[in-house]
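Please find below a short note on one pocket of this model and on the elements around it. The points are numbered for ease of reply.

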Amino acid sequence: MKIFIAGLGLIGGSYAEGLTQKGYEVYGYNRTKESELIAIERGYIKDAGLKYLPLCEVVILGFYPQLNVTFLNEHKHLLKPGQIITDVAGTKVEMIPQIEAILPKGVSYVSHHPMAGRETRGIERADCNMFKGANFLITPSAHSTIESIEVIKQLGKDLAFKKITIIDPKRHDQLIGFTSQLPHAMAVALVNSDAYDETSSFTGDSFRDLTRIAMINEVLWTELFFENKTILIDEIEKFERELDKIKQALNDNDKVSLANLFIQSTKKRSGF
């Protein structure tokens with residue numbers, strides 16, 4: 001099978017590496033030619049250029065959500081009936097209808113989300129090993145078929161993702177708002193609240209683990225936060241209410257209530 005990857009950044013480059021290793025014939029495109037050259041030199045792709053897009057059965061969009069839309073809008077004339085379009089974007093509700101409106105007749109579209117990444121960016125840091133054991137979410141669209149969903153599911157398996165889940169776009173964005181975007185917001189706020197000169201000398205595992213994702217791609221995450229704005233604000237407010245419970249227990253010198261909050265979190269977390 002021939003695969004075309006548009007956007008050879010950290011995720012797109014890692015996809016290219018992993019799928020090439022699995023025997024797929026992979027081609028690519030990136031707005032900066034340097035990334036294309038790196039992908040060719042490392043053997044991640046066979047060659048680069050938009051001329052390969054119509055020749056491939058699967059087209060993977062590796063840009064940020066709105067750049068995926070822009071790319072398809074500019075190059076929809078290259079799409080052919082029978083092709084399967086997919087993307088790796090972290091939010092779905094805003095983007096999917098825009099892509100559906102662009103698609104030519106006969107082209108399938110199955111969105112998905114690899115739940116893996118790193119604090120770094122760019123194809124220089126690409127590594128398909130990051131996908132091993134990670135979750136792989138498939139969000140079908142009105143332009144999905146049973147066959148196209150199975151193709152995307154197989155790509156997830158070939159990239160060594162552990163659990164593959166099919167979920168509707170709205171539920172996806174709700175859960176991602178809580179499990180991904182809220183933790184990033186918390187990490188950013190925690191680091192930005194630091195008022196101590198000696199912090200680096202006093203950090204342990206808890207602080208390092210909580211703040212790892214505060215090293216953040218500001219362009220990507222600004223777009224993701226605004227794409228999922230309503231849901232994320234709701235999740236932040238729910239978190240604030242839980243944090244207030246801890247503060248209230250401390251203000252009231254209520255050790256029983258505080259201990260119960262700890263017990264509740266321990267039981268919930270152990271169930272994961």
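1. In this predicted model, helix α6 supplies three residues to the lining of the second largest pocket, the largest share. The pocket itself holds about 230 Å³ of space.

2. The lining consists of Met115, Asn135, Leu137, Lys163, Thr165, Ile167, Leu175, Ile176 and Thr179. Two or more of these residues come from each of β7 (135–140), β8 (163–166) and α6 (169–192).

3. As to the chemical character of the lining, five residues are nonpolar, three are polar and one is charged.

4. How do the two strands that contribute to this lining relate to each other? Strands β7 and β8 run parallel and are joined by four bridges. One pairing deserves mention: Asn135 has Lys163 in β8 as its bridge partner, and both residues also appear in the pocket lining.

5. The connection between these strands passes through a helix. Together, β7, helix α5 (residues 146–158) and β8 form a β-α-β unit, which is right-handed.

6. A further residue of helix α6 is Met186. Is Met186 buried, partly exposed or exposed? Its relative accessible area is 31%; because buried requires under 20% and exposed over 50%, Met186 is classed as partly exposed.

7. Finally, a remark on distance in sequence and in space. Met186 lies 120 residues from Gln66 along the sequence, and their C-alpha atoms are 25 Å apart.

Technical notes
Residues are numbered from 1 along each chain as its sequence is written. This is a predicted model: local features need pLDDT of at least 70, side-chain atom pairs count only at pLDDT 80 or more; totals for chains, interfaces and linings use all residues. Side-chain values use heavy atoms; hydrogens and water are left out. On a 1 Å grid over the protein atoms alone, a cavity is a set of points where a 1.4 Å probe fits but cannot get out, and a pocket is an open set with protein on both sides within 12 Å along at least five of seven lines; lining residues have an atom within 4 Å of a point. Grid points are joined across faces, edges and corners, and a volume is the space filled by probe spheres set on the points. Ala, Val, Leu, Ile, Met, Phe, Trp, Tyr, Cys and Pro count as nonpolar, Asp, Glu, Lys and Arg as charged, and the others, Gly among them, as polar. Two strands pair if DSSP finds at least two bridges between them. A crossover is right-handed if, with the strands pointing away from the viewer, the path from the first strand over the helix to the second runs clockwise. Buried means under 20% relative accessible area, exposed over 50%, partly exposed in between (1.4 Å probe, protein chains only).
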